[in-house]
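Subject: Structure for you to look at

Hello,

Here is the structure I promised to pass on. Please have it open while you read, and my notes follow below.

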Amino acid sequence: LGLGLTPGDVAISIGTSGVVSAISAVPTTDASGLVTGFADATGAFLPLACTLNASRVLDAAARMLGVDHAGLSALALSAPAGADGLVLIPYLEGERTPNKPDATGALHGLRLANTTPAHLARAAVEGMLCALADGLDALVAQGVPVQRVFLIGGGAQSEAVRRITPSVLGLDVAVPTPGEYVADGAARQAAWVLSGAATPPAWTAAGSADVYRADPAPQVRAQYAAVRELTGTRQA
């Protein structure tokens, strides 16, 4: 509600964890547990997929490379799409989507040509985004339409994330003005309930948004999918 989403819109929030959520006119029933069904006070259904590892993947990569987030972004954007075959599986704290609570992260495809800070930075951004794209696929598998994608959260402030996301998803991405959209949505519902009105007011949508476009890079998700299951198991 804070973003003013309508059916066909999907919000991808990149915080400590990652959240892919949408508005749907019908409920979802995912026996696999990847998609959780919620609803709001207006009667709309809110299917959601959550990953455990989002912006902290960027934190970890920046720490490994000894740079700040601006430096990580610049490095990632200086490397080619697909990082010349270097793939990061970002299950740094296990994972929820897919359900792998004891999994560890992994690097695949190391070669002399791609063992550079730029390639690692690119692989970190792409790995995080591929995991979120898996969450988006889970929503689509439940019949959720995807026409527009909104990118929010702290991780969305990264220029690399903004510019690489469209190529990974194969979709244009809108980045609204930063705001507390979850709190705004909760406050709107509470205000409506307190008003006693039978129907919700006509809330305004989120403010202006910058739209990012890029040529699709299907090889990024293809090489990620090829090694997605090749992870270690966390030792107690």
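Two strands count as paired if DSSP finds at least two bridges between them. With that in mind, G18 stands opposite T51 in strand 4. Before I go further, please remember that this is a predicted model.

**The sheet**

Strand 2 and strand 4 (residues 45-51) run antiparallel to each other, with four bridges between them. On its other pairing, strand 2 is joined to strand 1 by five bridges, again in the antiparallel sense. The connection between strand 1 and strand 2 is a hairpin of three residues, and I14 stands opposite G18 there. G18 therefore has a partner in each direction: I14 in one pairing and T51 in the other. How covered is strand 2? Strand 2 (residues 18-22) is mostly covered, with four of its five residues buried.

Strand 2 belongs to an open sheet of seven strands, ordered 3-4-2-1-7-8-9 and with mixed pairing. Strand 3 (36-39) and strand 9 (209-212) are the edge strands, and each has a single partner strand, so one side of each has no neighbour in the sheet. From one strand to the next, the twist averages 25°. Helix 3 packs on this sheet, where it touches strand 1, strand 2 and strand 4, and its direction makes about 30° with that of strand 2.

Towards the strand 9 edge, strand 8 (residues 173-176) pairs with strand 9 through four bridges in the antiparallel sense. In that pairing, P176 stands opposite A209 of strand 9.

**Helix 3 and its helix neighbours**

Helix 3 (residues 117-141) also meets helix 2 (residues 69-78): their axes come within 7 Å and cross at roughly 95°. Angles of 65 to 115 degrees count as roughly perpendicular, so helix 2 is roughly perpendicular to helix 3. On the helix 2 side, the contact is made by L72, L75, A76, L77 and S78. Helix 3 contributes P117, A118, A121, R122 and V125. By type, the residues of this contact are eight nonpolar, one polar and one charged.

The other helix to look at is helix 6 (residues 218-227), whose axis comes within 10 Å of that of helix 3, with a crossing angle of roughly 85°. Helix 3 and helix 6 are therefore roughly perpendicular to each other as well. Here helix 3 uses E126, G127, C130, A131, A133, D134 and D137, while helix 6 uses V220, R221 and Y224. This contact divides into five nonpolar residues, one polar and four charged.

**Salt bridges**

Side chains of opposite charge can pair when their charged atoms come close. How many salt bridges does the structure hold? There are nine, and I would like to point out three of them.

Let me start with the helix 3 and helix 6 contact. D134 and R221 meet there in a salt bridge, at 2.9 Å from N to O. D134 lies in helix 3 and R221 in helix 6, so the pair ties together parts that are 87 residues apart in sequence. D134 counts as buried, at 14% relative accessibility, and R221 is partly exposed, with a relative accessible area of 22%. D134 and R221 are also members of a salt-bridge network that links them with D137 and R228.

Back in the sheet, R148 forms a salt bridge with D9, and their closest N and O atoms are 2.8 Å apart. R148 is in strand 7 (residues 148-152) and D9 is in strand 1 (residues 9-14), so this pair ties together parts that are 139 residues apart in sequence. Is each partner buried or partly exposed? R148 counts as partly exposed, at 44% relative accessibility, whereas D9 counts as buried, at 2%.

The third is the salt bridge between the side chains of E229 and K100, at 2.9 Å from N to O. E229 lies in the segment after helix 6 and K100 in the loop between strand 5 (87-89) and strand 6 (106-108), so parts that are 129 residues apart in sequence are tied together. K100 counts as partly exposed, at 21% relative accessibility.

I hope this gives you a good start with the structure.

Best wishes

Methods: Residues numbered from 1 in each chain as written. Predicted model: local features only at pLDDT ≥ 70, side-chain atom pairs only at ≥ 80, totals over all residues. Heavy atoms only, no water. Axes fitted to C-alpha atoms, helices over the stretch in contact; angles between N-to-C directions. Helix = DSSP H or I, 4+ residues; strand = E, 2+ residues; numbered from the N terminus. Parallel < 35°, antiparallel > 145°, perpendicular 65-115°, else oblique. Contact = heavy atoms within 4.5 Å. Nonpolar A, V, L, I, M, F, W, Y, C, P; charged D, E, K, R; others polar. Salt bridge = Lys/Arg side-chain N within 4 Å of Asp/Glu carboxyl O. Buried < 20%, exposed > 50% of the residue type's maximum accessible area, 1.4 Å probe, protein only.
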